[in-house]
Amino acid sequence: MDLWYSEMQTENVRFSIKVEKQLVSVKSEFQQIDIFNSYEFGKILALDGYLMVTEKDEFIYHEMMTHVPMAANPKIETVLVIGAGDGGTVRELVRYCTIKQIDMVEIDKAVVDVCKAYLPQTSSKLTDKRVNIYYEDGMKFVRGQKDMYDLIIIDSTDPFGPGEGLFTKEFYGNCFKALKENGILVNQHESPYYNQDAQAMAKIHQRMKKVFPVSEVYQAHIPTYPSGHWLFGFSSKGIKPVEALDEQGWNNLSISTKYYNTDLHKGAFALPNYVKELLNDENA
């Protein structure tokens, strides 16, 4: 008997992966958590039926979330990560010996527990001594912070369910206050391709522009995410991601990556025209 994991990416598009077996199924206080073992993509993490991580292509997402801001400001020492219960973002951050403190705020402890047990590829560095994990609401946590962080990474689920509040103008404003003078915020910015995702992406960008002096968008190709075309937001109090790139400095760190490099860093901010039109839609 063939077993398939299927995600409805739109009402008319279904993305399916053949799986060997389901490894775990947990209903937490906040969401349904499932891990499958697949033939093509290794282990798969799904939350409420939506694919979050696969072992085969997670490096693309996590490298682009972390190395882009780190290469734009090599002096980053304090980082706040919101979400990221699988641990992949933290895994990439701990590779920088210059980072002194990583605070990770994840609302659902069950996600972290399941990933520690079944996804060591992403979760193995959550025990690093610089990592402090807070199991609470990211929105409430940020409200109590001021001038605390050089970098905030919002590694959240999509803008509905437990992650919905992490896409509001109020939340972005609180993040602005929590950042230091040269602070950077990076967030997953959804896909620009399917209509519903594109509308959400455009709204996110308009909200970011109203809060941050610098608000730019960059892209990556992630095969298992809707349409494969995925965007990230880079917002800051003044640092511009391409102009500030310390290419030689980052390369001298000799960090081994599978996707990110400094040439790609520059090219990732060169966007297709249809994406530019969506980002400039002030009626979003």
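A220 stands opposite W230, a residue of strand β12. The setting is a predicted model. A220's pairing belongs to two strands, β11 (residues 214–221) and β12 (residues 229–236). β11 and β12 pair in the antiparallel sense, over eight bridges. Six of the eight residues of β11 are buried, so the strand is largely enclosed by the rest of the structure.

**The seven-stranded sheet**

β11 and β12 belong to an open sheet of seven strands. The order is β8-β7-β6-β9-β10-β12-β11, and the pairing is mixed. β8 (131–134) and β11 are the edge strands, each pairing on one side only. From one strand to the next, the twist averages 15°.

Within this sheet, β9 and strand β10 (residues 179–188) run parallel and share five bridges. I152 has L185 of β10 as its bridge partner. Helix α7 (residues 195–211) lies across β10, β11 and β12. Its angle to β11 is about 150°.

**The five-stranded sheet**

A further open sheet has five strands, in the order β1-β2-β3-β4-β5. Its pairing is antiparallel. β1 (3–10) and β5 (50–54) stand at the edges with a single partner strand each, so one side of each has no neighbour in the sheet. Neighbouring strands are turned by 45° against each other on average, direction ignored.

Strand β3 (residues 32–38) and strand β4 (residues 43–47) are an antiparallel pair joined over five bridges. In this sheet I33 stands opposite L47 of β4. Helix α3 (residues 109–118) lies across β2 (13–27), β3 and β4. It runs at about 20° to β3.

The strand pairs described above are set out here.

| Strand pair | Sense | Bridges | Opposite residues |
|---|---|---|---|
| β11 and β12 | antiparallel | eight | A220 and W230 |
| β9 and β10 | parallel | five | I152 and L185 |
| β3 and β4 | antiparallel | five | I33 and L47 |

**D155, a buried acid**

D155 sits in strand β9 (residues 149–155). D155 is buried, yet it has no salt bridge. What is the nearest side chain of opposite charge to D155? It is R91, 9.6 Å away. A salt bridge needs a side-chain nitrogen of Lys or Arg within 4 Å of a carboxyl oxygen, so R91 at 9.6 Å does not qualify.

The side chain of D155 does make a polar contact, with the side chain of Y61 at 2.6 Å. Leaving aside neighbours within four places in sequence, D155 is in contact with Y61, H62, M65, I82, G83, A84 and T89.

**Y260 and D263**

Y260 lies in the loop between α8 (247–252) and α9. Is Y260 buried or exposed? Y260 is buried, with a relative accessible area of 2%. Not counting residues up to four places away in sequence, Y260 touches E63, M64, H67, V68, A71, L245, W250 and H265. The C-alpha atoms of Y260 and K56 are separated by 15 Å, although these residues are 204 residues apart along the chain.

D263 is placed in helix α9 (residues 262–267). D263 has 53% relative accessibility and therefore counts as exposed. D263 and E247 are 16 residues apart along the chain. Their C-alpha atoms are separated by 8.5 Å.

Conventions. Residues are numbered from 1 along each chain as its sequence is written. This is a predicted model: local features need pLDDT of at least 70, side-chain atom pairs count only at pLDDT 80 or more; totals for chains, interfaces and linings use all residues. Side-chain values use heavy atoms; hydrogens and water are left out. Helices (H or I, at least four residues) and strands (E, at least two) are DSSP runs, numbered from the N terminus. Buried means under 20% relative accessible area, exposed over 50%, partly exposed in between (1.4 Å probe, protein chains only). Lys and Arg count as positive and Asp and Glu as negative; His and the chain ends are not counted. A polar contact is a pair of N or O atoms within 3.5 Å; within protein, one must be able to donate a hydrogen and the other to accept it, and residues adjacent in sequence count only if both atoms are side-chain atoms. Contact means heavy atoms within 4.5 Å. Two strands pair if DSSP finds at least two bridges between them. Axes are lines fitted to C-alpha atoms, for helices over the stretch in contact, and angles run from 0 to 180 degrees between N-to-C directions.
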